[in-house]
Amino acid sequence: MIPVTKPFLPPQEEYVEFLDGIWTRQWLTNMGPLASKLEMELKDYLGVKHLLYVTNGTVALQMAIKALGLQGEIITTPFSFVATTSSIVWEGCTPVFVDIDSDSLNIDPAKIEAAITPQTTAILATHVYGNPCDVEAIDKIAKKHNLKVIYDGAHAFGVTINGKSIFEFGDVTTCSLHATKLYHSVEGGLVVTNDPDLLKKMASIRNFGISGFDSFAELGINGKNSEFHAAMGLANLKWADRIIERRQAIISLYEENLKGLKAQRPVWHKGSKTNGAYLAYIIESEELLLKIKSTLDEHEIFTRRYFYPSLAASLPYLEPIEMPITDDIAKRMLCLPLYFELTDEDVDWICRLILRTQNN
Ligand SMILES: *Cc1c(COP(=O)(O)O)cnc(C)c1O
């Protein structure tokens with residue numbers, strides 16, 4: 001059986017090493033020393049000024065929306081994981097979908113201005129598959145219309161644009177450190193910002209808005225994470241470069257093998273390269289996609305239609321709307337198996353099966 005993804009686990013002893021300290025200190029959660037250490041090491045690794053380690057990538061998005069005081073309408077992408085949209089609704093705001101660019105698969109900046117109304121307060125865009133959004137164009141629009149910008153960077157761990165961390169763009173960038181992501185701490189998330197005041201506010205929100213022993217400064221939530229999660233984050237961080245390199249190599253091998261596949265790959269931002277988060281193919285037709293998927297299923301090789309269907313058309317709490325490019329791409333998008341332990345032989349076998357199916 002070949003799953004579409006497989007969580008990375010470090011050698012067990014590298015995790016266990018952290019446990020003695022937890023037992024000695026008996027400090028299990030609430031911004032403990034391992035969580036602080038992880039924040040320091042991640043700042044250094046990612047090359048960002050400020051970040052907070054939080055519960056997960058969804059709470060990170062909710063904290064960002066809350067901390068920026070957003071209300072009304074938030075312009076967002078229909079081509080992402082459900083949490084990008086649900087966090088907007090959960091925070092009492094209205095998502096306004098703008099279709100994606102058919103090359104990058106990220107929100108199309110050229111279509112954003114037409115969606116702005118007097119109620120618009122922000123843009124929440126996802127760097128889909130770790131491919132950077134057109135951050136310059138989005139920034140320009142945001143400045144012109146006085147909007148805040150949040151980036152959902154759940155796929156973009158370690159990504160840079162011309163050497164600068166992708167997490168440094170926008171007012172806040174969030175990341176998910178969920179077990180299925182490239183780099184993880186089992187469950188976990190990050191909020192990243194350049195604004196020290198916003199950082200302070202998010203730190204307060206993360207801890208129930210508590211300001212002292214008997215005082216509360218504001219409305220907060222429990223956005224903290226535990227020492228056990230931080231330990232996994234620290235153990236995995238030592239492997240992050242190797243994980244990224246291996247995944248990039250697997251992607252190159254797929255690309256080499258699948259030159260004859262009737263499909264396209266997302267067009268990457270010019271100043272950036274893939275972090276190996278996902279391997280997404282836009283297949284020529286949905287019919288061919290289904291044929292490939294069922295052949296692979298028969299061989300217990302699992303793929304995912306990530307993200308299908310469009311968020312603008314499938315959520316029971318929103319009026320469905322058509323987004324021509326997203327609807328078309330979502331139908332034809334297939335993510336192939338990609339994880340650290342996947343062998344070259346497996347990739348060769350998967351590719352042979354795919355091409356044989358297409359050419360039959
Ligand atoms: C995984 C993911 C999230 C949610 O992260 P969790 O840590 O699972 O809450 C949000 N947005 C995108 C784009 C994701 O892929």
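Hi everyone, let me start with one residue: Glu255 is partly exposed, at 34% relative accessibility. Before I go on, please keep in mind that this is a predicted model.

So what does Glu255 do with its side chain? It meets the side chain of Arg265 in a salt bridge, 3.0 Å from N to O. Glu255 belongs to helix 9, residues 240-257, while Arg265 sits in the loop between strand 12 (263-264) and strand 13 (280-283), so the bridge ties together parts ten residues apart in sequence.

How many salt bridges does the structure hold? There are 14, and I'd like to show you two others. One of them joins Lys144 and Glu113, whose closest N and O atoms are 3.0 Å apart. This pair links distant parts of the chain: Lys144 is in helix 6 (residues 135-145), Glu113 is in the loop between strand 3 and strand 4 (120-126), and 31 residues separate them. Lys144 is exposed, with a relative accessible area of 61%, whereas Glu113 is partly exposed at 35%.

The other one is between the side chains of Asp108 and Lys111, at 3.3 Å from N to O. Here Asp108 counts as buried because its relative accessible area is 13%, under the 20% cut-off. Lys111, at 30%, is partly exposed.

Now let's zoom out to the domains. The domain assignment splits the protein chain into domain 1, which covers 12-98 + 105-237, and domain 2, which covers 240-359. Their C-alpha centres are 26 Å apart, and each side brings residues to the contact: 33 from domain 1 and 33 from domain 2.

How much area is buried between domain 1 and domain 2? About 2,800 Å², with carbon and sulfur atoms giving 68% of that. Three residues deserve a mention on the domain 1 side: Phe79, Tyr129 and Leu182 supply 27% of the area that domain 1 buries against domain 2, more than any other three residues.

And which polar links cross this interface? The count of salt bridges between the two domains is zero, but eleven residue pairs are in polar contact there. On the domain 1 side, the elements giving two or more residues are helix 5 (82-90), strand 3 (94-97), strand 6 (160-161) and helix 8 (227-237). Helix 5 gives the most, with four residues. Sorted by class, that side of domain 1 has 21 nonpolar, ten polar and two charged residues.

Let me finish with three individual residues. First up is Thr326, in helix 12, residues 324-332. Is Thr326 buried or exposed? Thr326 is buried, with a relative accessible area of 0%. Beyond its neighbours within four places in sequence, Thr326 is in contact with Pro78, Phe79, Asp99, Ile100 and Ser310. You'll remember Phe79 as one of the three residues that supply 27% of the area domain 1 buries.

Next, Thr303 is in the loop between helix 10 (286-298) and helix 11 (311-314). Thr303 also counts as buried, at 6% relative accessibility. Leaving out residues up to four places away in sequence, its contacts include Val4, Lys293 and Leu334.

Finally, His229 lies in helix 8 and is partly exposed, with a relative accessible area of 23%. It touches Tyr53, Ser185, Val186 and Glu187, again not counting residues up to four places away. His229 and Leu28 are 201 residues apart in sequence, yet their C-alpha atoms are 9.9 Å apart in space.

Thanks for listening, everyone!

Conventions:
Residues numbered from 1 in each chain as written. Predicted model: local features only at pLDDT ≥ 70, side-chain atom pairs only at ≥ 80, totals over all residues. Heavy atoms only, no water. Domains from an automatic or database assignment. Contact = heavy atoms within 4.5 Å. Buried area = accessible area lost by both parts, 1.4 Å probe. Salt bridge = Lys/Arg side-chain N within 4 Å of Asp/Glu carboxyl O. Polar contact = N/O pair within 3.5 Å; in protein donor to acceptor, adjacent residues only side chain to side chain. Nonpolar A, V, L, I, M, F, W, Y, C, P; charged D, E, K, R; others polar. Buried < 20%, exposed > 50% of the residue type's maximum accessible area, 1.4 Å probe, protein only.
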